[in-house]
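Colleague: I would like a close look at one part of this model. Please take the last helix and what it packs against, and set it in the context of the whole chain.

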Amino acid sequence: MVKIRRYVDVEASGIGEKIKQARKASGRSVEVLAGAAGISRTYWHDVEAERIREALPENTLRRIEQVLDVDFGVKFDD
């Protein structure tokens, strides 16, 4: 058996600002939220500023959504 992997990128305009607004609305610090999402505080700030080199991994976005209890509406075509 051979596994086949597919990588798909989607563009999510303004996602950094949406994350920032959700963070502020939550009243929790970046340190707390980033720790809960399993990422560094610096990386969280990079996500908010949309300073990500390649692409934000979907699993990281889903963890951010989970700790903020928000669905940012990023969908893939499958």
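Modeller: What follows goes from the whole chain to the last helix, then to the core, the pocket and a few single residues.

This is a predicted model. Mean pLDDT for the chain is 93, and 99% of the residues reach 70 or more. Among the helices, α4 has the lowest confidence, at a mean of 96, while α2 has the highest, at 98. Where pLDDT is low, predicted coordinates should not be read in detail.

The chain has 4 helices and 0 strands. Along the sequence the pattern reads α-α-α-α. The C-alpha trace spans about 45 × 25 × 25 Å along its principal axes. Of the 78 residues, 28% count as buried. Take the contacts between residues at least 6 apart in sequence: 57% of them join residues at least 24 apart.

Now the helix you asked about. The buried residues of α4 are T60, L61, I64, E65, V67 and L68. These buried residues pack against α1, α2 and α3.

One of them is charged: E65. This residue sits in helix α4. E65 counts as buried because its relative accessibility is 7%, under the 20% cut-off. Which residues does E65 touch, beyond those up to four places away in sequence? They are V70, D71, F72 and G73.

Next, the core. In soluble globular proteins, nonpolar side chains tend to be buried together. The largest nonpolar core here has 16 residues. Those with the most contacts inside it are I19, W44, I64, L68 and F72. At least two residues of this core come from each of α1 (15-26), α2 (30-37), α3 (41-48) and α4 (58-68). I64 and L68 thus appear twice in this account: they are among the buried residues of α4, and they are among the core residues with the most contacts.

W44 shows how α4 meets the rest. Leaving aside neighbours within four places in sequence, W44 is in contact with I64, V67 and L68. Its other contacts on that basis are I19, R23, V30, L33, A34, A37 and I39.

Then the end of the helix. Just after α4, D69 takes a positive phi of about 55°. D69 is a residue other than glycine. Is D69 buried or exposed? It counts as exposed, because its relative accessibility is 70%, over the 50% cut-off.

A similar backbone value turns up ahead of the helix. E50 lies in the loop between α3 and α4. It has a positive phi of about 55°, although it is not a glycine. E50 is partly exposed, with a relative accessible area of 44%.

The largest pocket also deserves a look. It holds about 650 Å³ of space. Its lining has 21 residues, and D9, V10, A55, L56 and P57 lie nearest its centre. By class, 13 of the lining residues are nonpolar, none is polar and 8 are charged.

Last, a residue away from α4. Q21 is placed in helix α1. At 42% relative accessibility, Q21 counts as partly exposed. Q21 and E48 are 27 residues apart in sequence, yet 9.3 Å apart in space, C-alpha to C-alpha.

To return to your request: the buried residues of α4 pack against α1, α2 and α3, and α4 supplies at least two residues of the largest nonpolar core.

Terms used:
Residues are numbered from 1 along each chain as its sequence is written. This is a predicted model: local features need pLDDT of at least 70, side-chain atom pairs count only at pLDDT 80 or more; totals for chains, interfaces and linings use all residues. Side-chain values use heavy atoms; hydrogens and water are left out. On a 1 Å grid over the protein atoms alone, a cavity is a set of points where a 1.4 Å probe fits but cannot get out, and a pocket is an open set with protein on both sides within 12 Å along at least five of seven lines; lining residues have an atom within 4 Å of a point. Grid points are joined across faces, edges and corners, and a volume is the space filled by probe spheres set on the points. A nonpolar core is a set of buried Ala, Val, Leu, Ile, Met, Phe, Trp, Tyr and Cys residues joined through side-chain atoms within 4.5 Å. Buried means under 20% relative accessible area, exposed over 50%, partly exposed in between (1.4 Å probe, protein chains only). Contact means heavy atoms within 4.5 Å. pLDDT is the predictor's confidence in each residue, from 0 to 100.
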